[in-house]
Amino acid sequence: MHRIFSLILIILFIAALYGAGSALLKGKSLKEAFSFVSQSASTSFKKSSTDSVSKNYSPPKTEKKPSAYLEPQKPKINPPAGFTAEQLSPYYQKVRLSSVSRGTVSGNKAVTQIALRADSSLKEEINITGWKMKGNKGDWVVVPQAINDLNPLRFWNEGDIIVNSGHYVYLYRASSPMVRSFRLNKCTGYFNEFYKFAPSLPNNCPGIDRDETISFTGKCQNIIASLGRCRVPTSNQLNDYSVLGESACRAYLDEINYRGCYNRYHSDVDFLSKEWRIWLNKSIGFDPLHDRILLFDKNGLLVDEKIY
């Protein structure tokens with residue numbers, strides 16, 4: 001690169017001398033001729049230097065500053081009639097008054113069931129025991145406690161109702177056939193065999209695994225196959241002479257009930273249902289024809305309303 005630059009200077013110098021010679025031939029003085037040489041060389045040198053710098057110059061890189069992040073604005077909530085935004089619960093519309101069922105009680109129309117639903121927008125667990133519902137007449141319904149885990153080997157202690165997204169809580173005016181209110185699980189359908197629930201509990205008990213019974217006698221397998229989901233063997237089936245003579249079969253039949261189902265499946269991650277059954281054992285004083293029901297949290301803030 002240095003050699004090329006030197007060569008360029010020599011060429012420029014020769015060109016300048018040529019220009020000076022031409023000036024002398026045209027009758028100009030020696031001073032004017034050499035002044036021309038000096039100006040030509042200086043101009044050419046500056047131009048060459050400038051061109052060289054221009055070719056090698058690159059503008060400094062500037063980092064683009066990220067634009068300021070703007071959080072999406074939360075949608076404005078229009079409070080229901082008679083309420084202000086300050087009177088709304090942090091759980092407003094995260095737990096909904098899903099439905100109100102009406103029926104006939106002692107020949108009169110009455111509200112027989114209220115359903116609460118934890119909305120999909122709910123991202124955390126909520127304790128709803130102590131929440132209250134109020135109708136136009138001024139009557140209150142308070143959400144009570146219930147049993148979360150119906151362990152057959154423990155005394156059933158009621159506790160606060162903790163709900164998460166997708167949970168349903170059904171509140172009935174009637175009394176519980178089992179005296180207690182509780183959360184359903186995979187095995188609670190077996191209780192339909194001994195208690196009269198209205199509506200009945202879901203019969204979604206796990207089915208019988210045929211691989212566990214293929215070594216039993218044909219008569220024993222017939223008895224097991226005749227049992228539907230959440231059905232326990234009858235006393236006649238348990239005392240069948242062929243069963244009495246087959247200890248493995250009798251032991252298997254003795255486990256087809258709530259206790260056996262609970263012992264086998266209670267560790268499953270999906271053992272507990274998302275459904276709660278609550279029996280209030282008292283009338284629900286809402287108008288069976290038309291009413292406005294308000295749901296309040298423990299702090300007296302509005303959670304939801306239901307107009308029907």
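**Rings, cores and a hairpin**

One aromatic cluster brings together Trp156, Tyr172, Phe182, Phe191, Tyr195, Phe197, Tyr258, Tyr262, Phe271 and Trp279. The model is a predicted one, where local features need pLDDT of at least 70 and side-chain atom pairs count only at pLDDT 80 or more, while totals for chains, interfaces and linings use all residues. Numbering starts from 1 along each chain as its sequence is written, and side-chain values use heavy atoms, with hydrogens and water left out.

A word on confidence comes next. pLDDT is the predictor's confidence in each residue, from 0 to 100. The protein has a mean pLDDT of 84, with 75% of its residues at 70 or more. Residues 40-54 are a weak spot, as pLDDT stays under 50 there. For that stretch the model has 6 contacts beyond four places in sequence, a contact being heavy atoms within 4.5 Å.

Back to the rings. Searching the whole structure turns up 16 aromatic pairs. Rings of Phe, Tyr and Trp (for Trp, the six-membered ring) pair if their centres lie within 6.5 Å; planes under 30 degrees apart count as stacked, over 60 as edge-to-face, and the rest as tilted. Tyr168 and Tyr170 make a stacked pair, 6.0 Å centre to centre with 10° between the planes. Tyr262 and Phe271, in contrast, meet edge-to-face, at 5.5 Å centre to centre and 80° between the planes. Both Tyr262 and Phe271 are buried, whereas Tyr168 counts as partly exposed because its relative accessibility is 31%. Buried here means under 20% relative accessible area, exposed over 50%, and partly exposed in between (1.4 Å probe, protein chains only). Trp140 has a charged visitor: Lys132 lies over the face of this ring, 5.7 Å from the ring centre. A charge sits over a ring if NZ of Lys or CZ of Arg is within 6 Å of the ring centre and within 35 degrees of the ring normal.

Then there are the cores. A nonpolar core is a set of buried Ala, Val, Leu, Ile, Met, Phe, Trp, Tyr and Cys residues joined through side-chain atoms within 4.5 Å. The largest one holds 31 residues, and Phe182, Tyr190, Phe191, Phe197, Leu253 and Tyr258 touch the most other members. Strand S8 (182-185) and helices H3 (218-226), H6 (247-253) and H7 (258-265) each give two or more residues to this core. H7 supplies the largest share, 4 residues. Helices (H or I, at least four residues) and strands (E, at least two) are DSSP runs, numbered from the N terminus. Another core, of 28 residues, lies apart from it and includes Val100, Leu122, Ile278 and Ile284.

Cys261 sits in helix H7, and it counts as buried because its relative accessible area is 5%. Leaving aside neighbours within four places in sequence, Cys261 is in contact with Cys187, Tyr190, Pro206, Glu255 and His266. Cys261 and Lys186 are 75 residues apart in sequence, yet 8.2 Å apart in space, C-alpha to C-alpha.

Last up is strand S10 (residues 292-296): 4 of its 5 residues are buried, so the strand is largely enclosed by the rest of the structure. Two strands pair if DSSP finds at least two bridges between them. S10 runs antiparallel to strand S4 (residues 132-134), joined by 3 bridges, and Met133 stands opposite Leu295. S10 also pairs with strand S11 (residues 302-307) in the antiparallel sense, over 5 bridges, with Arg292 partnered by Ile307. S10 and S11 form a hairpin with 5 residues between them, and Gly300 in the turn has a positive phi of about 80°.
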